[in-house]
Amino acid sequence: MPDNHKYVTKFDEADFNSIIQNNKYVVFNATYCPFCMRTLQTLSSKGKQAYVVNVDKLNNEIEARQFLNAKAGMSTYPKNYINGKLIGGNQELQNFAARGGLN
């Protein structure tokens, strides 16, 4: 399945609001995480393009993780935002998709 997501290589706290407000689907991702991979596969299978921030590949990974964990109130990945709102991790995205939320 082709990967149709947009990826960012730099992330700053100042970018956060702009990213989640200007992109329907945003995934704060860890490239080694199987749950993150599942999230991206689900979005792709539904024809949705996500704006992806691979947090573990950022030059400022520690600061980005601290900020994102505090902002979301969760330390696990992925952190999925839809229409500017945190919906949670992979399980929440799968539940959302099962209810027809990605159709």
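These legends walk you through close-up views of a predicted model.

**View 1. Helices α2 and α4 meet side by side.**
Start with helix α2, which covers residues 34–45, and helix α4, which covers residues 90–98. Their axes come within 9 Å and cross at roughly 25°. Angles under 35 degrees count as roughly parallel, and α2 and α4 are therefore described as roughly parallel to each other. The crossing of α2 past α4 is left-handed.

**View 2. The residues that join α2 to α4.**
Look along α2 and you will find F35, R38, T39, T42 and L43 taking part in the contact. From α4, the partners are N90, L93, Q94 and A97. Sorted by class, this contact has 4 nonpolar, 4 polar and 1 charged residues.

**View 3. T42, a buried residue of helix α2.**
Here we zoom in on T42, which is found in helix α2. Is T42 buried or exposed? Buried means under 20% relative accessible area; T42 has a value of 8%, so T42 counts as buried. Leaving aside neighbours within four places in sequence, T42 is in contact with L93, Q94, A97 and L102. T42 and N90 are 48 residues apart along the chain, with 9.5 Å between their C-alpha atoms.

**View 4. The largest nonpolar core.**
This view takes in a core of 20 residues. Those with the most contacts inside it are F11, F16, F28, V53, V55 and L68. Which elements each supply at least two residues of this core? They are α1 (15–22), β2 (25–29), β3 (51–54) and α3 (61–72). The element that gives the most is α3, with 4 residues. Apart from this core lies another, of 10 residues, and among them are L40, A50, I82 and L102.

**View 5. F28 and the residues it touches.**
F28 is one of the residues with the most contacts inside the largest nonpolar core. Not counting residues up to four places away in sequence, F28 touches F11, F16, I20, V53, V55, L68, Y77, P78, K79 and Y81. Try finding V53, V55 and L68 here, as they are also listed among the residues with the most contacts inside the core.

**View 6. V52, a buried residue of strand β3.**
The last close-up is of V52, which lies in strand β3. The relative accessible area of V52 is 0%, so V52 is buried. For a sense of scale, V52 and Y81 are 29 residues apart in sequence and 10 Å apart in space, C-alpha to C-alpha.

Methods:
Residues are numbered from 1 along each chain as its sequence is written. This is a predicted model: local features need pLDDT of at least 70, side-chain atom pairs count only at pLDDT 80 or more; totals for chains, interfaces and linings use all residues. Side-chain values use heavy atoms; hydrogens and water are left out. Axes are lines fitted to C-alpha atoms, for helices over the stretch in contact, and angles run from 0 to 180 degrees between N-to-C directions. Angles under 35 degrees count as roughly parallel, over 145 as roughly antiparallel, 65 to 115 as roughly perpendicular and the rest as oblique. A crossing is left-handed if the near helix is turned anticlockwise from the far one by less than a right angle, and right-handed if clockwise. Contact means heavy atoms within 4.5 Å. Ala, Val, Leu, Ile, Met, Phe, Trp, Tyr, Cys and Pro count as nonpolar, Asp, Glu, Lys and Arg as charged, and the others, Gly among them, as polar. A nonpolar core is a set of buried Ala, Val, Leu, Ile, Met, Phe, Trp, Tyr and Cys residues joined through side-chain atoms within 4.5 Å. Buried means under 20% relative accessible area, exposed over 50%, partly exposed in between (1.4 Å probe, protein chains only).
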